[in-house]
Amino acid sequence: MSVFKDAGHLFRFAGLFVIAFIVFLVIRGYVVPKTFGKYGHYRAAAIGEIAAHPIKYAGHQACESCHTDIVTVKQKGMHAHVNCEACHGALAAHANDPTSVQPAKLDTATLCIRCHSASAARPKDFPQVDAAEHSNGVPCETCHNPHSPAIDAGGAK
Amino acid sequence: MNITRRQLLILLPAAAVAWESVLAATPESSPNYNMTDHWWGMLIDIPKCIGCGNCVRACATENDVPEGHFRTWVERYHVSDWNLTNPEVISPDGGKEGFPAVKDDPDGKYFFVPKLCNQCADSPCTQVCPVGATFISPDGVVLIDQKYCLGCAYCVQACPYGCRYIHPEKKVADKCTLCYHRITKGLTTACCENCPTGARQLVDLKNPKDPIHEFLKTHSVQVLKPQMATGAKVFYNALDGSVR
């Protein structure tokens with residue numbers, strides 16, 4: 001007799017392996033997300049999902065397309081490169097619907113001080129004041145136009 | 001034009017493959033954005049930072065960052081003349097509400113260091129993820145697939161810059177996305193948009209017209225922990241040697 005007389009056992013076993021492998025492939029096909037592995041070892045669709053997150057800050061380009069008068073005032077002054085929402089807050093909702101969403105009125109007493117309160121930790125060439133000594137409680141906008149704050153540059157009210 | 005059934009059967013799959021490749025490179029929400037045209041990073045100009053905390057607040061608003069966690073934060077360094085390698089570092093509430101004032105004539109020097117995810121080109125955090133939930137996008141931003149993340153926090157441990165945290169409600173890893181939802185629409189990041197002094201600037205290294213190229217040639221620029229070879233893409237101008 002041949003040494004392969006019991007080979008049938010092996011074939012049946014091999015058959016089981018083949019079936020198990022097919023089952024594995026089918027399950028894998030269902031479980032692994034469709035875009036997984038497109039660019040690397042991750043789900044490519046996640047990129048689009050992250051990019052779809054809503055925007056809260058409209059960006060200064062959006063503000064400037066309507067508020068051209070403010071742009072003109074700002075261009076001359078020290079705050080030319082301070083973007084609108086740095087002081088006015090997140091206003092994408094206002095940019096999308098300018099009539100029904102109105103920005104809140106700002107409180108210059110806290111706002112100006114955030115950047116301009118005197119501290120030896122700030123860079124030396126950055127304009128800083130001791131608020132109590134500088135204005136004694138008089139609101140900043142009494143003398144300074146926040147959009148162009150220098151008094152002698154024609155920016156004052 | 002006459003097409004036989006045979007030709008149609010060949011053409012249909014070919015057209016399907018072609019259409020798939022057209023869709024492939026574009027995230028759905030920004031149809032004019034091509035990932036292969038960009039390689040994002042950020043420039044932080046230390047001498048310009050005034051420690052106002054605008055970036056921290058803007059980031060929290062834009063990205064719904066949970067209270068007590070930070071995608072970006074600002075540290076204030078105090079380096080004494082007598083101990084240059086052991087700076088005193090503070091970051092009260094991430095610098096969100098600014099920093100306590102310092103009286104004149106301080107001992108040594110003070111400066112602010114804004115920190116955020118360094119968007120490493122060879123990031124340790126993406127290498128340790130067991131499920132492929134965090135990755136470097138084709139335009140060089142380290143992102144997290146929060147639907148796929150298990151919340152095992154390996155990446156939180158792996159990040160040498162401490163930029164990751166586990167979101168307290170979602171129970172998955174969270175971090176700076178470099179405002180991916182903004183930069184893919186042609187806007188800058190929330191922190192850069194709201195920095196009043198231009199101390200933070202979004203840079204696109206693949207854009208030959210980006211001023212970063214000239215800046216890198218003419219300034220003394222470093223990345224954080226260069227010895228770790230992370231390929232960090234957040235560039236610090238005039239960074240003090242005491243910063244870690």
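Trainee: What makes residues of chain B and chain A count as part of the contact, and how many does each chain give?

Mentor: In this predicted model, two residues are in contact if their C-beta atoms, placed from the backbone, lie within 7 Å. The contact takes 41 residues from chain B and 33 residues from chain A.

Trainee: Which elements of chain B give two or more residues to the side that touches chain A?

Mentor: They are α2, α5 (180–183) and α6 (190–194) of chain B. Of these, α2(B) gives the most, with four residues.

Trainee: How do the residues on that side of chain B divide into nonpolar, polar and charged?

Mentor: The division is 19 nonpolar, 13 polar and nine charged. Gly is counted as polar here.

Trainee: Where else does helix α2 of chain B pack?

Mentor: Helix α2 (residues 54–63) of chain B packs on the sheet, where it touches β2 and β4 of chain B. The direction of the helix makes about 160 degrees with that of β2(B).

Trainee: What is the order of the strands in the sheet, and is the pairing parallel or antiparallel?

Mentor: Three strands of chain B form an open sheet in the order β3-β2-β4, and the pairing is antiparallel. β3 (83–90) and β4 (109–116) of chain B stand at the edges because each has a single partner strand, so one side of each is left without a neighbour in the sheet. From one strand to the next, the twist averages 35 degrees.

Trainee: How do you know that β2(B) and β4(B) are paired?

Mentor: Pairing requires at least two bridges between the strands. Strand β2 (residues 72–80) of chain B and β4(B) have eight bridges in the antiparallel sense, so they count as paired. Within this pairing, Val79(B) stands opposite Lys109(B) in β4(B).

Trainee: What makes β2(B) and β3(B) a pair as well?

Mentor: Four bridges join β2(B) to β3(B), which run antiparallel. The requirement is at least two, so these strands also pair. The bridge partner of Ser80(B) is Asn83(B) in β3(B), and a hairpin joins the two strands through two residues.

Trainee: How many helices and strands does chain B have in its secondary structure?

Mentor: Chain B has seven helices and eleven strands. Its C-alpha trace spans about 90 × 40 × 35 Å along the principal axes.

Trainee: What makes a residue of chain B count as buried?

Mentor: A buried residue has 20 or more other C-beta atoms within 10 Å of its own. Of the 244 residues of chain B, 41% count as buried.

Conventions: Residues are numbered from 1 along each chain as its sequence is written. Chains are lettered from A and ligands numbered from 1 in the order in which they are written. This is a predicted model: local features need pLDDT of at least 70, side-chain atom pairs count only at pLDDT 80 or more; totals for chains, interfaces and linings use all residues. Axes are lines fitted to C-alpha atoms, for helices over the stretch in contact, and angles run from 0 to 180 degrees between N-to-C directions. A residue is buried if 20 or more other C-beta atoms lie within 10 Å of its own, exposed if 12 or fewer, and partly exposed in between; C-beta atoms are placed from the backbone.
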